[in-house]
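Okay, thanks for letting me take this slot. Let's get the structure up on the screen, and then I'll walk you through it.

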Amino acid sequence: MRPRRLRMEAFGAYPGRQDLDFDILGDRRFFLIHGATGSGKTTILDAICFALYGTLSGSARQAANARSEMADDDAETSVRLDFSLGSEHYRVERKPEQVRAKKRGEGTTKVAPKATLWRRTNTTDDADEGKVMATGPRNVDQMIVDILGFDADQFRQVVVLPQGEFLGFIKGGSKDREQILRALFPTQRFAEIENALRDRSRDVQERIEDVRKRRAFIWEQAEVDSDAALHEALDGARTARKDAEAHVLEMQQVHEAARAALTHGKSLAEAFAAARDAEAALAALTAKAEEMTALERALEKARKAAELRDLDQAVEATAKDLSQGQTALKAAAQAWESAEERLAGAREMVEQTSEHDARVEAMREEERRVGDWLERLESLTKARADHATATKALTDARNEEAEAKLARDAAAQKLRELTERKEAIAVEGTQAKELRRAADEASERVQWRTKLLATSKQLVSAELDERRSREAIEKLREDETAARDALRSLEQVYMKQQAAVLAAGLSDGEPCPVCGSIHHPIPATPSDDDVAAEAVDDARARLDDLGRTLATRNDALTELTSATTRLRADRDNLVERLKDAAEAPLEELTARANDALAQAEKAGRAAETLADLERQIEAARQEQTQSDEVFSAQTQAVNDAATKAGKTEAIVAEREASVPTDQRDKDGLTQRRAELVAQMDVLRNARAKALMNERDANDKRTAAVAAHQAATHAQNQAQERYDAAVEAFEQRLGQKGFADKEAYRAAARSEAEIDAMAGELTAYREKIHAAKEHAVRAKAKVEDKSEPDPDALTATENDAGQKLETAREDASRRRRRVEQLEKWMTDLAAVTKDENALEARFATVGHVARVVAGDNPQRLSFSRFVLGAYLDDVLIAASQRMLVMSQHRYRIQRQMTAGDLRRASGLDLEVVDNWTGGSRDISTLSGGESFMAALALALGLADVVQAYSGGVHLETIFVDEGFGSLDPEALDAAMRVLQDLQKGGRLVGIISHVDELKERIDVRLEVTGGERGSRARFVV
């Protein structure tokens, strides 16, 4: 990133507008930002950081305080930065949340923060903003991070090096450096690897335990204690199932014979009833013959009338058009007359307003003069108000300064009193900590014993629910088997029954509706059984309901079993924790805990008194520090308020001189200005209205004439169409056999009515034909036959069915037993396979997870090892520059000796002194040496971050202060290091008030401070 142009308005030390064009440097890449202390040098870095990220260059300063205190109340604080990144050019502008004077009226208004980012590649005109990429502070923040590859903290570490900020990297501990390095380098994935391995190891352990619980659960369900016992139970169940299935086959043959006899008897009885019903239906249809003849004659007349419907409708439509045309012609004539009258009145009004334009111009000139005096008077009023506000602020500041001094003195007195009290208190309660620990342990045992009692009670209830659920599922399985057998029997009978019905309608030479054959050698015969389709559907629905209920109950049993297992494990865990106290009465444990707590409280009172006093003393110290800071701030506020009051007093005097006494009547001037504006508006509106009315009236007269001509033509055409329609309709009435229009109306029917009449006749003919054929067929089926007795046949079939059902229930129970045992055997094999695989997997995954988490001789986790490698790269780059600046005396390296294993280590720094050959902690460096080390580390970190940032190119670096702590030789070395940066293409900016640097660097950005704010300019 390289800055091109920077604009600041009412920002920091710059109350007005300040423009800085960095492109004026050209090929000069090394320059000095120079000025006196407090003149506003760092404000330039603040502006760059604020434009990009909405924060300032130093972490101790807040962007909310960036507005210039010397800016006018109506000035708006903003920063705009044009910058380039490679070949791309961008512009970003931000405005912080601020309170400024209202643009209209009195008082102030709070303005929300704003931010906009543009892309300006290939844009040459500075006024052309380019293409908007993002708006709003949050969206712009994210887009800047995406473009630059750095967030605000990383930007301050590698591009802008603020005063003293990077010394924290030297003086901080290993843990502090770890946080900085994690923010700058992509190490999150290594921590994720550690977490993933730990989670995977824990998951494998939990799955092994679940598999072992599954084996025990299978044994428990099968009521065996080993895999071999389960095999023996399965062999015995298979033999019993085979015998039961043979008995079922025997009983099926007996039942099928009885059911066939019942089906045949019911079919013959139904045939006799069908013959009687067919004769009755034929007689009822024959009685309606005369009614159908009359309906046929009415249908013929209706169809003739339908042929005249179009001509009748045409007469009605043309009559309606003729009436509408006459009405429209009358209205058009009236509109023509009205338009003529309106045009005459409008022309008279235009003549009356012909002189208004000249009068308006004379009034406008007078209104301009009045407005100028009002603006001057408004400026004077505002200046007086500002001066009154500044004077009041000065008085308030002096009062607050006095109050702050009283508070400071009171805080100091309070601290002295508390310190004296502490010295007077004797040390008591040395055993308080140990007694408190014993009381906590006793209380914890009471909680565990209470939880053990509750868990044991829940376990008994859960085991009872589980047993009841198993019994209910067994009953449902028996019901499901019975329902399945019943459905199978019903389906077989129903299919044979339907085959017999089809066979009864077969004739030689006619194709079979099932197979298509015209030969029927062995047609199916009716059986004695009678099964309706509804009975089959009901049986199938019952079987589906039982299946769904069984699945729901199985799911519930699984949940109950898991709950029981979990409660049993919780109980065992609590027993293990309590050990000998697991059987102790709860009342006894509670009494012990109460006694221990009473002893701990008694011993701790003295310690608590002392601890409370320590807290009061610390609070008093903080209160004294805060009161000192408040007093200093109020003293500065008094000075600032006095300066501002003097400025506002001078402004009032200046503006009073510009407004004569006779022009200070604001109300009179305002009233005269309003009168002039109102009079001009009246004259202009009257003239404009007259001209507009004339144009409108003329347009409406022209339209009215054209509308009258069109209406006359339309009325003549409508009359001709009506006469022709009446003549055609009257001619066709006679041709269709109607005496007059009334006869036509009486015979006319709608299309729907005609279709209904025709459909009724057709349906009657088809019904009577079908009834005759049905009666003949039904009578032929019962000739030479006698009616059977269905009740006797039903009794025989029921007895055979009951015996078959008993045999099936027995076989079903034995099949379910075999299926369940086989399922348990399959589950047991899967459990064994899963257990072997998981144990082999845990042997590898568990070991790797422990090593990566830090369970190794070095006590070093994977992610901290990677951070150490990144830090080594930074230190290599930093040492190259540190050697130059220290005249080849110092280089920086990581401490490799093992430290305190109880705290984070591995990122501690030390310097190697080439003059002595020894090494020491980096925090032992002097002030100037610390600055050189901080600068070297910052530049080394910038190089390494750039190398690891996916090709992000750092084109700019700013270094803020610190050079005053260097001797001449060290300063020369530091300058050489920074000058080397520009050879790599970087723009290097040095911020310092040291005059010696002004002599060394001829390209400067000079910053000059003053009472009215600061100004900056490039000296090239």
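Before anything else, a bit of vocabulary: I'll say salt bridge when a side-chain nitrogen of Lys or Arg sits within 4 Å of a carboxyl oxygen of Asp or Glu. And keep in mind that this is a predicted model.

So, take Arg-202 and Asp-199: their closest N and O atoms are 3.2 Å apart, and that makes a salt bridge. Both sit in helix 6, residues 188-222, and because they are three residues apart there, about one helical turn separates them. Arg-202 has a relative accessible area of 39%, so we call it partly exposed. Asp-199, at 38%, counts as partly exposed too.

You get a similar story in helix 13, which covers residues 586-657: Glu-618 and Arg-621 are three residues apart, again about one turn. Their salt bridge has its closest N and O atoms 3.6 Å apart.

How many salt bridges does the structure hold? The count is 45. One of them joins the side chains of Asp-23 and Arg-5, at 3.5 Å from N to O. Here Asp-23 is in the loop between strand 2 and strand 3, while Arg-5 is in strand 1, so this pair ties together parts 18 residues apart in sequence. Both also belong to a salt-bridge network, whose other members include Arg-80, Asp-82 and Arg-91.

Now, the sheet. We have six strands in an open sheet, ordered 2-1-4-5-8-9, with antiparallel pairing. Strand 2 (14-21) and strand 9 (131-135) are the edges; each has a single partner strand, so one side of each has no neighbour in the sheet. From one strand to the next, the twist averages 15 degrees.

Strand 1, residues 2-11, is joined to strand 2 by six bridges, and in that pair Glu-9 stands opposite Arg-17. Two helices pack on this sheet. Helix 1 (41-53) touches strands 1, 2, 4 and 5, and its direction makes about 100 degrees with that of strand 1. Helix 2 (137-148) touches strands 4, 5, 8 and 9, and the angle between its direction and that of strand 8 is about 40 degrees.

Last stop, helix 14, residues 666-735. What span should we expect for its 70 residues? At 1.5 Å a residue you'd get 104 Å, and the end C-alpha atoms are 99 Å apart, which agrees. Just after that helix, Gly-737 takes a positive phi of about 85 degrees.

Okay, that's my tour.

Technical notes
Residues are numbered from 1 along each chain as its sequence is written. This is a predicted model: local features need pLDDT of at least 70, side-chain atom pairs count only at pLDDT 80 or more; totals for chains, interfaces and linings use all residues. Side-chain values use heavy atoms; hydrogens and water are left out. Two strands pair if DSSP finds at least two bridges between them. Helices (H or I, at least four residues) and strands (E, at least two) are DSSP runs, numbered from the N terminus. Axes are lines fitted to C-alpha atoms, for helices over the stretch in contact, and angles run from 0 to 180 degrees between N-to-C directions. Contact means heavy atoms within 4.5 Å. The expected span of a helix is 1.5 Å times one less than its number of residues. Buried means under 20% relative accessible area, exposed over 50%, partly exposed in between (1.4 Å probe, protein chains only).
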